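Colleague: I would like a close look at one part of this protein, namely its aromatic side chains. Please take me through how one pair of rings is arranged and where its two members sit.

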Amino acid sequence: MKYILVLQWPGTNEADFDALIAMEDLLEAALPEAHGFVDGHDFGAGQMNIFVQTDRPLEAFQDAKTSLSLDPRWAGARAAYRPAEGDRYVLVWPATLEGFSVS
């Protein structure tokens, strides 16, 4: 896979972690194989992330948005992708996003 799509939310407590696992499971079930695969998560430093390995980051993001947007946490979602062998993120969501990092 050429890219890593990162879906990110604020997260600090056990309820947030439980929500992260539920969202990861939902996305894993909904993501078409042609658009990539869920490659895990991390939690800490005030944020939680789901990682998607993909050759088609924008399509994978649309799948994530479709499957996760009914969750009230979607309002705080941020998304960006980078080349698998790189560290420069391309901003995806929201349109007003000005920077992105994974702690």
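Modeller: What follows begins with the whole chain and then turns to the aromatic pair. The model is a predicted one, and it contains two helices and five strands, which run from the N terminus in the order β-α-β-β-α-β-β. With a radius of gyration of 12 Å, close to the 13 Å that the globule rule gives for 103 residues, the protein is as compact as a globular protein of that length. Of those 103 residues, 41% count as buried.

Turning to the rings, a pair of aromatic rings is described by the distance of the centres and the angle of the planes. Seven aromatic pairs are counted in the protein when ring centres have to lie within 6.5 Å. In the pair of Trp 74 and Trp 93, the ring centres are 6.2 Å apart and the planes stand at 35°, so the pair is tilted; the tilted class covers angles that are neither under 30 degrees nor over 60. Trp 74 belongs to the loop between helix H2 (57-68) and strand E4 (78-83), whereas Trp 93 belongs to strand E5 (residues 90-93), so the pair ties together parts that are 19 residues apart in sequence.

As for their surroundings, Trp 74 counts as buried because its relative accessibility is 8%, under the 20% cut-off, while Trp 93, with a relative accessible area of 25%, is partly exposed. Both residues also belong to one aromatic cluster, which is formed by Trp 9, Phe 61, Trp 74 and Trp 93.

Technical notes:
Residues numbered from 1 in each chain as written. Predicted model: local features only at pLDDT ≥ 70, side-chain atom pairs only at ≥ 80, totals over all residues. Heavy atoms only, no water. Helix = DSSP H or I, 4+ residues; strand = E, 2+ residues; numbered from the N terminus. Rg over C-alpha atoms; globule rule 2.2 N^0.38 Å. Buried < 20%, exposed > 50% of the residue type's maximum accessible area, 1.4 Å probe, protein only. Phe/Tyr/Trp six-rings, centres within 6.5 Å; stacked < 30°, edge-to-face > 60°.
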